[in-house]
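The following exchange works through one protein model, question by question. Please keep the sequence and the structure in view while reading.

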Amino acid sequence: METASTPPRNKPALSAGLSLGTAAAIIAVAACSSAGQSPGSRPEQSAEAPFGWFTAAPAPAGWRTMDLPDGTGVLSVPADASPAESDPGSVSAAASSPTGELRIYFNATPRQGSESLDNWSTFRIDHLADENSSSPTKIAERSGMAFLGGTGSCVEDSYVTRVGNNQYREMACLVAGSKGISVLIVAAPADSWPLYGPVLEQAVDAYRAG
């Protein structure tokens, strides 16, 4: 069941978890998890170079990995993020504010429908419109991305939840490897994207296809 603090799910679920003690601790998550980079220090993408920051690379030291049970993908998350509840077959990690508001989340799940590398950006935007969200807006897209162990297509978008009227921003990638196809989604409230975006970008860089 969707709530005002939970973004629309990508079948299986995208869930929130982990309460940090103070707002300062939330900032520390981003600072420490970005391997020495200050929040927002990675280059802003431009219309000429969508996902221009992307460089497939192992996760920073200290990050943990979460393997999809079917072997189609490996999600890397900062040590500060805690595993979150998710549907069978998927893996999630998240951080929340002291009041329970979702700050950042990471999710990976096997492909569930007719999504493909060619139709991914359209599929994802349509999926958001079909779920408990409104005003999905594509920000950027890129195909033919060389992920670790595979090839992927990604879309960055924003949307507003119908429950609670909360605006989120996400990067969603469909990644194909030798064992199959999986979906990676990383997201944060839109107004905190400058803070958490660099950490989420590193999670995309580090995602490994099975």
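Q: Which residues touch the most other members of the largest nonpolar core?
A: This is a predicted model, and its largest nonpolar core holds 33 residues. Strands E2 (73-77), E4 (91-96), E5 (102-110), E6 (133-147), E8 (167-177) and E9 (180-189), together with helix H3 (193-206), each supply at least two residues of that core. The members that touch the most others are Leu75, Phe106, Phe147 and Val204.

Q: Which element gives the most to this core, and with how many residues?
A: Both strands and a helix are among the elements that each supply at least two core residues. In soluble globular proteins, nonpolar side chains tend to be buried together. The element that gives the most is H3, with 6 residues.

Q: Which residues does Val204 touch, not counting those up to four places away in sequence?
A: Val204 is one of the buried residues of H3, and it is also among the core members with the most contacts to other members. Leaving out residues up to four places away in sequence, the residues it touches are Trp53, Phe54, Phe147, Met171, Cys173, Leu184 and Val186.

Q: How many residues of H3 are buried?
A: Buried here means under 20% relative accessible area. The buried residues of H3 include Trp193, Tyr196, Leu200 and Val204, and also Glu201, Gln202 and Asp205. H3 is mostly covered, and of its 14 residues the number buried is 12.

Q: How far apart are the end C-alpha atoms of H3?
A: H3 has 14 residues, and at 1.5 Å a residue it should therefore span 20 Å. The distance in the model agrees with that expectation: the end C-alpha atoms are apart by 19 Å.

Q: How many residues does the second, separate core have?
A: Besides the core to which H3 gives the most, there is a second, separate one. Its members include Ala84, Ala94, Tyr159 and Tyr168, and its number of residues is 14.

Q: Which cysteines form a disulfide?
A: A search of the whole structure finds 1 disulfide. Its sulfur atoms are 2.0 Å apart, and the link is right-handed, with 110° about the S-S bond. The two residues are Cys154 and Cys173.

Q: How many residues apart in sequence are the parts that this disulfide ties together?
A: Cys154 counts as buried because its relative accessibility is 2%, and Cys173 is buried as well, at 0%. Cys154 lies in strand E7 (residues 150-161) and Cys173 in strand E8, so the pair ties together parts whose separation in sequence is 19 residues.

Q: Which strands stand at the edges of the open sheet of 3 strands?
A: The sheet has the order E1-E2-E10, with antiparallel pairing. E1 and E2 pair over 4 bridges. Two strands have a single partner each, so one side of each is left without a neighbour in the sheet; these are E1 (64-67) and E10 (208-209).

Q: What is the mean pLDDT of the protein chain?
A: Residues 1-6 have pLDDT below 50, with 18 contacts in the model beyond near neighbours in sequence. Residues 8-47 are also below 50, with 116 such contacts. Where pLDDT is low, the predicted coordinates should not be read in detail. Across the chain, 77% of residues reach 70 or more, and the mean is 80.

Q: How many helices and strands does the protein chain have?
A: Read along the sequence, the pattern is α-β-β-β-β-β-α-β-β-β-β-α-β. Counting its elements gives 3 helices and 10 strands.

Terms used. Residues are numbered from 1 along each chain as its sequence is written. Side-chain values use heavy atoms; hydrogens and water are left out. A nonpolar core is a set of buried Ala, Val, Leu, Ile, Met, Phe, Trp, Tyr and Cys residues joined through side-chain atoms within 4.5 Å. Buried means under 20% relative accessible area, exposed over 50%, partly exposed in between (1.4 Å probe, protein chains only). Contact means heavy atoms within 4.5 Å. The expected span of a helix is 1.5 Å times one less than its number of residues. Two strands pair if DSSP finds at least two bridges between them. pLDDT is the predictor's confidence in each residue, from 0 to 100. A disulfide is a pair of cysteine sulfur atoms within 2.5 Å.
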